[in-house]
Amino acid sequence: LQQHLCVYSLLKKKSVLVNMAKKGSNSVSGRLVHDNGDDSHRIAPSPVVHVRGLCESVVEADLVEALEKFGTICYVMMMPFKRQALVEFEGVESADKCVACGTKEAVYIAGQQAFFNYSTSKRITRPTNSDNPNSGNKVLLLSIQNPLYPITTEVLYTVCNPIGNVLRIVIFKRNGIQAMSVQSAQKAKAALNGADIYAGCCTLKIEYARPTRLNVIRNDNDSWDYTKPYLARRERGKGRQRQAILGEHPSAYSDNGYGPHCPLLPLPGNNRYKMSSHDIPEVVAYPLPQTSSYLGHSSSSVAMVSGLHPTKMNCTRIFNLFCLYGNIEKVKFMKSVPGTALVEMGDEYAVDRAITHLNSIKVFGKRLNVCVSKQHAVIPSQVFELEDGTSSYKDFAMTRNNRFTSAGQASKNIIQPPSCVLHFYNVPPCVTEDELQRLCTEHDVPGFIKFKVFDAKPSSKTISGLLEFDTKTNAVEVLTVLNHYQIRIPNGSNPYTLKLCFSTSSHL
């Protein structure tokens with residue numbers, strides 16, 4: 001799995017923030033309501049309402065502002081990538097009003113019409129302390145989804161501090177990108193839950209954390225105590241440092257240097273989400289990464305990959321796996337170091353994502369080691385033939401299979417750690433489950449145990465769906481071999497390029 005960031009921060013004001021339900025703990029919808037208001041089937045009314053058709057920029061505050069007229073809202077669960085949400089009202093009567101109103105007339109949330117139906121859940125599951133206004137916990141957990149850029153203490157502080165005074169932030173490595181922060185909790189969650197830190201990526205999903213206090217031992221990009229600015233910026237294992245005559249580096253060469261702040265997320269006009277009209281600006285300013293140097297990471301856009309299987313791995317298969325995390329420019333196997341290759345990617349952030357997600361995973365019985373290379377470019381020297389007969393060097397700069405060639409294309413990629421479920425797409429409708437299973441057999445990779453095809457329009461020229469495998473390793477090997485496989489159909493002029501990526505689903 002991808003290693004993810006967790007960021008903790010602590011605020012001076014106490015306030016209870018509604019919490020995010022655990023994934024998979026609630027059924028989303030209890031009846032299907034078409035856009036014209038007709039019902040396919042009905043179930044018993046529930047105080048939990050399923051909201052869909054939301055715009056991409058919607059945050060929790062927008063839902064509360066639009067729906068509180070129907071009654072008191074107890075809890076909101078955002079599902080930003082699905083453009084949906086669950087809203088729990090205090091009573092069924094309020095939910096009835098909401099669903100009935102949405103059926104009779106258009107209800108707009110953040111300027112876009114939304115659609116409503118009952119959920120089969122009678123209550124949204126909350127994490128610890130989320131229901132207790134007197135719990136006194138001031139620590140929030142921020143899950144950061146689709147992280148195309150590194151999340152540092154500076155980034156989180158810039159995001160959170162305008163809403164409530166941040167005391168501490170702690171970032172640590174975990175499976176799945178998450179962050180913890182503490183604020184004037186209700187205001188922060190309402191204003192930021194569901195928002196993107198950067199346009200089209202780094203989506204925030206906020207809930208209460210279990211810890212009630214954060215311990216910070218040093219101030220750097222991974223942790224910061226804003227009540228103790230004197231904490232040493234000491235790298236682990238370095239011991240005492242010699243005293244510098246002029247102190248830290250000048251700002252122009254700062255390790256955590258980010259470019260000028262770029263306003264991305266306007267705060268709601270309602271003053272519920274502001275400390276006061278003069279305490280914070282109308283717009284929360286977010287820094288855009290403009291330098292490649294950030295603490296703990298190299299500025300090189302070249303990754304070194306070792307532990308590669310000598311006969312089953314080649315340049316194309318490395319591309320198939322690494323292209324999920326950024327554009328691939330060149331791949332070169334090192335003649336002097338068997339089982340090792342250099343991968344030049346589009347930028348250093350792509351290298352960072354590849355390291356976070358792919359380091360230490362097993363492929364064909366061997367564990368990969370992915371790290372930043374000292375090289376800043378891959379030079380096609382000492383080209384030789386690999387054991388499978390293919391070239392040790394390949395240039396992918398012009399391939400159409402790179403998935404981050406434009407901002408719009410990059411925003412469609414959900415950065416996901418390896419999992420046992422693969423999402424397949426761009427497959428001709430005539431291809432069956434048996435044919436995909438046979439494809440796995442022919443290429444000597446494990447077969448899938450479950451198969452699901454998504455509903456498609458009758459006019460659609462391709463289909464998509466999910467494949468579940470016994471283990472994550474099996475799924476990784478299938479993706480490595482079959483990603484971008486050319487599927488030819490009888491009487492077809494051009495082949496279909498099978499595209500695979502790791503799914504957000506853990507099982508089917």
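In what order do the four strands of the open sheet with antiparallel pairing stand? In this predicted model, the order is β23-β24-β22-β27. A further open sheet is built from five strands, ordered β20-β15-β17-β16-β21 and again with antiparallel pairing. Helix α9 packs on the four-stranded sheet by touching β22 and β27, helix α5 lies across strands of the five-stranded one, and the two helices pack against each other with their axes 7 Å apart.

**The four-stranded sheet**

- The edges are occupied by β23 (450-453) and β27 (499-502), and because each has a single partner strand, one side of each is left without a neighbour in the sheet.
- From one strand to the next, the twist of this sheet averages 20°.
- Strand β24 (residues 463-468) runs antiparallel to β23 and is joined to it by four bridges; within this pairing, Phe-451 has Leu-467 in β24 as its bridge partner.
- Helix α9 touches β22 (421-427) as well as β27, and the direction of the helix makes about 150° with that of β27.

**The five-stranded sheet**

- Here β20 (369-372) and β21 (393-395) stand at the edges, and since each is paired with a single partner strand, one side of each is left without a neighbour in the sheet.
- The twist in this sheet averages 20° from one strand to the next.
- Four bridges connect β20 with strand β15 (residues 302-306) in the antiparallel sense, and the bridge partner of Val-305 in β20 is Val-370.

**Helices on the five-stranded sheet**

- Helix α5 lies across β15, β16 (328-333), β17 (340-345), β20 and β21, where its direction runs at about 140° to β16.
- Helix α6 (residues 348-358) lies across β15, β17 and β20, and runs at about 155° to β20.

**The contact of α5 with α9**

- Helix α5 (residues 315-322) and helix α9 (residues 472-482) pack at an angle of about 120°, with a separation of 7 Å between their axes, and this angle makes α5 oblique to α9.
- The crossing of these two helices, α5 and α9, is right-handed.
- On the α5 side the contact involves Arg-317, Asn-320 and Leu-321, which meet Val-476, Leu-479, Thr-480 and Val-481 of α9.
- Sorted by character, the residues of this contact divide into four nonpolar, two polar and one charged.

How values were computed:
Residues are numbered from 1 along each chain as its sequence is written. This is a predicted model: local features need pLDDT of at least 70, side-chain atom pairs count only at pLDDT 80 or more; totals for chains, interfaces and linings use all residues. Side-chain values use heavy atoms; hydrogens and water are left out. Axes are lines fitted to C-alpha atoms, for helices over the stretch in contact, and angles run from 0 to 180 degrees between N-to-C directions. Angles under 35 degrees count as roughly parallel, over 145 as roughly antiparallel, 65 to 115 as roughly perpendicular and the rest as oblique. A crossing is left-handed if the near helix is turned anticlockwise from the far one by less than a right angle, and right-handed if clockwise. Contact means heavy atoms within 4.5 Å. Ala, Val, Leu, Ile, Met, Phe, Trp, Tyr, Cys and Pro count as nonpolar, Asp, Glu, Lys and Arg as charged, and the others, Gly among them, as polar. Two strands pair if DSSP finds at least two bridges between them.
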